[in-house]
Amino acid sequence: MNANSAPPKKILIVGGGSAGWMTALMYGESLIKTGVEITVLESPTVGVIGVGEGSTPALKRYFDALGIAESEWMAECNATYKTGIAFDGWSTKPGYESYFHPFATMVDNLTLPTFIENIHARQRGAHVDARPNRYFLSSRLSDDALAPKASENFPFFTTYGYHFDAALLGQFLHKKAAALGVKHKVCHVTHATRDAQGDIAAVATEEGELLAADFFIDCSGFSALLIGKALETPFVSYADNLLNDSAIAMPTEIGARIEPKTVSAAMKFGWAWQIPLTNRYGNGYVYSSAFVSADQAETELRAKIGTLESDTPARHLKMKLGRVAKHWNRNCLAVGLSQGFLEPLEATALYLTQMTAAIFLLFLEKGDFSEAAQQAYNQQIHDYFDGHRDYIVAHYKTNTRTDTEYWRTNAGNLNGVSDSLKHIFQTWIEGGDLVAELRRQDIERYYPILSWHALLAGMGTFPDVAPAPAGAADMLAPMDDFMRRCALNFRDHRTVLESMG
Ligand SMILES: Cc1cc2nc3c(=O)[nH]c(=O)nc-3n(C[C@H](O)[C@H](O)[C@H](O)COP(=O)(O)OP(=O)(O)OC[C@H]3O[C@@H](n4cnc5c(N)ncnc54)[C@H](O)[C@@H]3O)c2cc1C
């Protein structure tokens with residue numbers, strides 16, 4: 001595709017997982033009325049990933065922009081609310097064995113200064129509580145199993161994400177996209193053909209058809225049929241940065257109480273997630289196969305979630321961490337697992353999918369297919385991927401576990417620490433101005449400044465200095481009372497979910 005290319009009139013999306021349908025609905029909404037034809041191809045034999053996923057608050061913005069109410073989609077996708085992530089067992093520092101990474105709410109503006117003040121006091125050696133938990137309403141909502149939907153007389157907005165079944169989410173989005181006129185074809189793509197310039201001309205199917213289009217979107221998952229196999233776009237591996245390459249998923253029953261949080265618990269060779277859906281917990285273990293066999297990992301997971309005696313089958317998955325060198329290559333855009341993957345520690349895959357599709361839509365709408373546009377776009381998406389990677393790497397650098405070779409290797413692995421991350425660590429450990437450093441690097445574009453404070457303070461990453469006076473510690477009792485009274489404005493999480501259907 002070159003600078004003179006006309007905007008596409010016929011778009012083929014290969015893959016009907018959550019990435020395929022999320023893109024189809026977004027593009028259907030804005031392009032079908034301009035005469036663009038959009039078709040999603042889905043294999044009858046290759047399934048989708050759907051392990052019980054969590055989102056960031058961006059998913060709410062996606063639905064809001066499309067005018068889709070929570071009451072319409074959440075029950076269909078067995079979705080629950082998510083106010084943040086509890087990290088258990090990552091740090092061995094006394095008092096920091098568990099911390100909560102919150103999604104911010106408006107009232108946190110009142111307690112945030114105390115959090116920051118106590119971080120600085122702790123950096124100077126004072127024995128104050130510098131974990132994020134007490135300072136953020138979403139942590140309180142999670143502890144009390146309350147839905148982040150305030151009553152009318154509480155005029156402060158809350159920010160939250162969701163947990164959902166990604167396979168059901170794909171089906172819901174499919175239904176909405178079909179209603180807009182997005183076409184759907186069940187067929188198995190075998191390969192793509194290319195024209196004289198090297199662009200993709202058509203995809204061939206096992207059923208014997210050759211389907212042409214002027215633009216192709218690769219949502220075929222890890223198989224990366226178009227961006228990888230057809231266009232041979234190089235892959236930038238993150239294997240040096242992040243050691244995990246495997247996952248096991250297994251559901252368990254969910255009880256009456258549903259805390260609106262993901263739990264991420266450190267294990268011997270990685271970490272385990274627990275995600276509440278309305279009908280089950282999604283559990284899983286993300287680990288490195290270089291340190292433990294799949295069988296041993298499964299036994300460790302089963303022991304943790306109480307399924308050693310159960311015959312519930314475990315689903316084993318391989319993960320290829322990294323990203324393509326060009327998300328937009330010629331007349332093809334890769335969206336979802338086909339463009340790359342980070343381990344799901346911060347549940348950001350669908351967020352990256354959403355951003356990839358949404359930012360490209362701006363170029364489609366402008367009709368700008370120049371080389372410069374392509375380069376600028378790809379750089380922007382690389383920044384998102386690499387920035388998110390660094391945030392995940394930071395968990396492995398700030399944890400203090402040394403109980404297995406896996407954790408010791410992680411701690412000693414300096415290859416994967418980017419210059420950006422080195423500057424962040426240095427600023428923090430010297431008690432410098434972290435906000436200024438994150439702004440200098442323009443990191444808040446893709447990762448909230450608050451998240452960096454939550455991570456670094458939550459892990460107890462503080463210098464060993466002589467004890468100093470406590471500072472804001474005296475403020476904590478009134479603040480606890482403030483949080484308690486704020487929480488009175490929220491209802492039981494399960495009750496709210498059941499009221500939606
Ligand atoms: C262990 C694990 C945990 C995760 N946790 C989270 C999380 O907490 N939060 C989050 O946001 N994300 C998470 N993800 C990622 C998330 O599951 C995916 O990003 C999301 O489901 C989108 O996947 P996808 O649509 O790109 O691919 P898939 O779900 O794999 O879908 C691929 C589609 O391509 C089709 N296809 C494949 N080959 C062909 C062919 N030859 N012809 C035609 N069609 C074909 C398939 O039929 C399918 O429809 C996790 C992933 C893993 C592996």
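**View 1. K82 sits in strand 4 of this predicted model.**
Strand 4 is a short stretch covering residues 80-82, and K82 is part of it. Is K82 buried or exposed? Its relative accessibility is 0%, so K82 counts as buried. Look around K82 and you'll find plenty of partners from elsewhere in the sequence: G54 and S55, then F103, then the run Y160, G161, Y162 and H163, and also P260, T262 and A347. That list leaves out neighbours within four places in sequence. UniProt, in an unreviewed entry, lists K82 under the feature "binding site".

**View 2. E346 lies in a loop between a strand and a helix.**
Here the loop runs between strand 23 (340-341) and helix 9 (349-366), and E346 is found in it. You might wonder: is E346 buried or exposed? With 4% relative accessibility, E346 counts as buried, because the cut-off for buried is under 20%. Which residues does E346 contact, once neighbours within four places in sequence are set aside? They are T56, I85, F87, H101, Y391, I392, H395 and Y447. E346 also carries the label "binding site" in an unreviewed UniProt entry.

**View 3. F100 is tucked into strand 6.**
Strand 6 spans residues 98-102, and F100 belongs to it. The relative accessible area of F100 is 3%, so F100 is buried. Ignoring neighbours within four places in sequence, F100 is in contact with the stretch T83, G84, I85 and A86, with P132 and N133, with S138, S139 and S142, and with K261. Now for a residue on the other end of a ruler: how far apart are the C-alpha atoms of F100 and A334? They are separated by 33 Å, and along the chain the two residues are 234 residues apart.

**View 4. V189 opens up a look at strand 10.**
Strand 10 takes in residues 189-194, and V189 is in it. At 8% relative accessibility, V189 counts as buried. Its contacts, not counting residues up to four places away in sequence, are V14, L41, V203, A204, T205 and L225. V189 is one of the positions that UniProt marks as "binding site" in an unreviewed entry, and that list also includes G16, G17, S18 and A19.

**View 5. L337 sits in a loop between two strands.**
The strands on either side of this loop are strand 22 (332-334) and strand 23. Is L337 buried, exposed or partly exposed? Its relative accessible area is 22%, so L337 is partly exposed, given that buried means under 20% and exposed means over 50%. Beyond residues up to four places away in sequence, L337 touches I49, G221 and F222. L337 is also among the positions tagged "binding site" in the unreviewed UniProt entry.

**View 6. T23 rides in helix 1.**
Helix 1 covers residues 18-31, with T23 inside that range. How much of T23 is accessible, in relative terms? The figure is 0%, so T23 is buried. Who does T23 touch, not counting residues up to four places away in sequence? The partners are I13, I217, C219, V335 and A357.

**View 7. K318 is an exposed residue in a strand.**
The strand in question is strand 19, residues 315-318. K318 has a relative accessible area of 54%, so K318 is exposed, since the cut-off for exposed is over 50%. Even so, K318 has partners: K318 touches F222, D245, S246 and S289, with residues up to four places away in sequence not counted. Where is I248 relative to K318? The two are 70 residues apart in sequence and 8.8 Å apart in space, C-alpha to C-alpha.

**View 8. Stepping back, here is the whole protein chain, with 16 helices and 24 strands.**
The C-alpha atoms fill a box of roughly 75 × 50 × 50 Å along the principal axes. A compact globule of 501 residues would have a radius of gyration near 23 Å, and the protein chain has 23 Å, so the two agree. Of those 501 residues, 57% are buried. Take contacts between residues at least 6 apart in sequence, and you'll see that 77% of them join residues at least 24 apart. The accessible surface comes to about 20,100 Å², and carbon and sulfur atoms account for 53% of that surface. As for charge, there are 44 positive and 56 negative charges, and their mean positions are 1 Å apart.

Technical notes: Residues are numbered from 1 along each chain as its sequence is written. This is a predicted model: local features need pLDDT of at least 70, side-chain atom pairs count only at pLDDT 80 or more; totals for chains, interfaces and linings use all residues. Side-chain values use heavy atoms; hydrogens and water are left out. Helices (H or I, at least four residues) and strands (E, at least two) are DSSP runs, numbered from the N terminus. The radius of gyration is taken over C-alpha atoms; the globule rule is 2.2 Å times the number of residues to the power 0.38. Buried means under 20% relative accessible area, exposed over 50%, partly exposed in between (1.4 Å probe, protein chains only). Contact means heavy atoms within 4.5 Å. Accessible areas come from the Shrake-Rupley method with a 1.4 Å probe; for residues, only the protein chains shown count as cover. Lys and Arg count as positive and Asp and Glu as negative; His and the chain ends are not counted. The place of a charge is taken as NZ of Lys, CZ of Arg, CG of Asp or CD of Glu. UniProt positions are given in the numbering used here, feature names are shortened, and annotations may be inferred rather than shown by experiment.
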